[in-house]
Every structure is written in structure tokens, then in C-alpha cells.
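Please open the model in your viewer and keep the selection tool at hand. The stops below go from one element to the next, with a note on what to look for at each.

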Amino acid sequence: MTTTRLREQPGILVVEDDREVGRLLAHELARYGRPVHLAADLATAREELARRRPAAVLLDARLPDGDGLDLLGEVRERDLQLRIAVLTAYADVDLAVRAMRGGASEFLEKPFTGEQLHGLVRGLLQEEGGVAPPRQERRRRAAPGAFFIGESAALHEAGRLVRLAAQAPTTTVLVTGESGTGKELAARAVHDLSARAAGPFVAINCAALTETLLEAELFGYERGAFTGATTVGKKGLFEVAAGGTMFLDEIGEMALPLQAKLLRVLQERTIKRVGGLCELPVDVRIVASTNRDLELEVAEGRFRKDLYYRLDVLNVVMPPLRERGDDVLLLAQHFLKTLSLELGRSLDGFSPEALDLMRVYPWPGNVRELRNVVEHAAIVARGPRIEAADLGLSTGRPRASAAIVVELADLRLETMERALIRRALEAAGGQKTRAAELLGINRATLYNKLKAYGIAAEVRAEAVEVG
């Protein structure tokens, strides 16, 4: 009976060129008790629509063989009753207006939540006379669409790894990348797409607390364990995160003694509160992040090798913005749209000069810096369009950067690189992340060169002499 009813009911057509995203969307939509059909391009979508009349269509705005909104117009000429929702990561006012004028029933911008997706589909099916899924369903998962805004290959690879990690809800995940690249966003995506989505997502910055306080926060403590714990004990975050995900931000900053205790959590799946005697079982997935090169940290004795191997089961690398091409423009448009609503201003885009400047600027602070720059521009802009001067980026080089000039008689590449790295370290006040930004390389590359040229040992020796 069930099979017959499914065949009789009109289904849902998903037109999405990313096959993995399409597959995951189909999995989510299967709960509505209707067949779900997939099309990866306009040609296949046209064939599907000629073959059957679906109850609703989820249509990606940009497809490999043309504009998804062209299909919207074609369908509307034949069937004015069909409910179509346009999904896109390229949302702007013009696109939304085109979609609605073309007859779209709904318009949903990526990234969207699971709640938004199911709210949209329930609306489409109720209009068509369908039935929403059971309200008592416990497991709520986010939409498997793009949590990240962008089309670069590096970002697509990060998204692919996030989806793979989500399918293994007990596997430990390490998210690496420079500051401001969206490591916590990746961690949340791993959680929201997984079977643990109904559980809590608990985040803590390991660099923000002293070793003692971090231990008490993570593991909890018993009454009288230390001064200030004389009246009551407290659950730790590992207990609070039971059934969900624990996100350990900046894991590379964790002290070695605490690393040993974290290793035990990963091995035994138990914790012991500070001052406690009992081992308490914990059911939690750990996602950790760092902007450090942990292999180098291990080599230099600042991070436990056994913990590193436990964490690095699956490594999601968040690419720096300077390596993501025109993703910077997509992100800028997204931020501007959001900020326009927040500030109550009618801002309709960027001038060609502003777009060119954002393309060439290296964005040392990555997505976080871009968001701040767009917010500044949205506040100071005098007209409806953001001009280059509004961005506060007078040059394509990082703001407040120090000029690095090297004059050498010895022109061998090794000699010049060694001198250039030392000059960058001096200009950055010894801060390796800043030095890497000045050199236009990532932190891991800088660490490898420091080690290869013996500069790391020289810098430590200088620090001891100064101390």
C-alpha cells in the first residue's frame, strides 16, 4: 500500500548542480512521504518536468548549462499552479525581484537552516494540498546546502569534508586555517548536518582561560575542590554537551598537562571532575580548531604527538580569503545585504572601483576582516552605492603593513629568503602570524621555512638573551 501511494502522489523535483548537496537534500525531503527526483542541470530538469508534474520544485538559480530563472519562466508559461522555490548563494535584490516576477513562490538564500528549509517545503506542499511531516519527529538536522558562501574549489573541498565528517557522528574532527577563515562555522556545520544535531553544540576558546580555569570549565569540579568551590560543585562542559558536540577552539593553546587529560577523554570516553574520584561516561563528539601548524608544535615539544594523531582523524582546511578568488565579492554582497537591513539603509551594491579594490586586497584578517570593512563602508557611505574610498583600503596591501626592503650583495635564493624572513619578523615585532601576512604566505609555510633555515632556534636564543 505504501509503495502504491508514493507512486500516486506527485513528488518534489530538486534542481541542484552539486550532486552531493542534491543527494543530501533528497534524504531530508524523503520524510515528506513523496518521491524526490534530482536534476543536475537545465536539460535534465526539462526532461523531468516533461515526464511528470511534481508537487513542488526547489530550483538553484545558477546551473552549469544556463540560468535557473530561465526554467522558471518556461514552467510558468505551461503551469501557473506549480509551486517553485528558488535557492541561491548569490542572493541580491535584483535576483530576488527577477525570481518573484518570474513566478517563484519562495526565495531562500544559502546558507539556510534546516528549520528554514522545512518551513519552506511545508508551505509549498500545504498550498498544493500535501501533508507536512509528523511534528513529533525528534531529529532535527540543518539543511545540507552551502553553509559557506563561495564557489572556489578550495571552499567546495572544505564543504565536501564537512559533509563526510557529519556522516560519522563519533569521529573527531580537526579544523585548521588562519584566523578569521570560518573555523567555527565549519564546526557548527559538522554538528548541524550530523545525527547529533538535536543535541547541544558547546564551544569554548582554549586560549581565553588559564589552565586551571579551563580544566574546571571542561571537566567540572566537586564541592571543596579548590577555593571558591566550597559550597557546591559544578558540571563541566563535557557533561553539558552530552549527546552533542564539543568545539575546542584554538586547541593549540592548551597546556601540556591538560592535553594529557583530553587524550584520556578521547581514549576512554570518560571524565573525572576536578577533586572527584569517579569516572563519568561522556557521549560527545569533539571538534577542535587551530591556526597553528600542529605538526611543527609537536616537533618543538609544545603539543603531544599522541593527542595530535587522535585529533587529526579528519582535517577540514578552511582556505584563506586571498586564495578564494571572487568569493570575496560574493561574501561582500552578502554582508552588505545583511547590514543594509540591520542599519536601515538602502544600499544597492559596490562601484566597479570598489569591487576591483576588494579583488586585489590580500585580506590578512580573512572573512572576519572583510565583514568589518563592509560594515564600516555601510556606515560611512554617502549614497546608495559603496565607493572605493568608503572601504578604507587605500591600497591593495594590508593596512598598517611595514615595508620590507632587502638589499643584498649575495643574490642566492636561500640567502635572500633568510634575510627577508628575518626582516619580516622584525617588522612584525616577532609575531609569526603577522610576519607571514607581510610575506604573503600562510603560517605553516613560514614555520617550515623557519625550521629549514634554523631561524626558529635563532629567534628563541634572542628571546632568552633579551629576557
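Two strands are said to pair if DSSP finds at least two bridges between them, and with that in mind the tour of this predicted model can begin at a strand.

Select S8, residues 173-176, and colour its neighbours S15 (285-290) and S16 (314-317) separately. S8 runs parallel to S15, to which four bridges join it, and it also runs parallel to S16, again through four bridges. Now pick Thr176 in S8: its bridge partner in S15 is Thr290, while in S16 its bridge partner is Val317. Turn on the side chains of the strand next, and you will find both faces covered, with Val173 and Val175 buried on one side and Leu174 and Thr176 buried on the other.

Move on to helix H7, residues 153-166, whose 14 residues reach 20 Å from the first C-alpha to the last, close to the 20 Å expected at 1.5 Å a residue. Which residues of H7 are buried? They are Leu155, Ala158, Gly159, Leu161, Val162, Arg163, Ala165 and Ala166. The elements that cover these buried residues include S8, S15 and S16, together with the helices H2 (19-29), H8 (183-192) and H14 (327-343).

For the last stop, go to the surface and select Leu343, Ile379 and Val380, which make a nonpolar patch of about 240 Å². Ile379 belongs to helix H16, residues 366-380, and it counts as exposed because its relative accessibility is 51%, where the cut-off for exposed is over 50%.

How values were computed. Residues numbered from 1 in each chain as written. Predicted model: local features only at pLDDT ≥ 70, side-chain atom pairs only at ≥ 80, totals over all residues. Heavy atoms only, no water. Helix = DSSP H or I, 4+ residues; strand = E, 2+ residues; numbered from the N terminus. Expected span 1.5 Å × (residues − 1). Buried < 20%, exposed > 50% of the residue type's maximum accessible area, 1.4 Å probe, protein only. Contact = heavy atoms within 4.5 Å. Patch = residues over 30% accessible without salt bridge, like charges linked within 9 Å, V, L, I, M, F, W, Y side chains within 5 Å. Areas by Shrake-Rupley, 256 points an atom, 1.4 Å probe, with all protein chains shown as cover. Salt bridge = Lys/Arg side-chain N within 4 Å of Asp/Glu carboxyl O.
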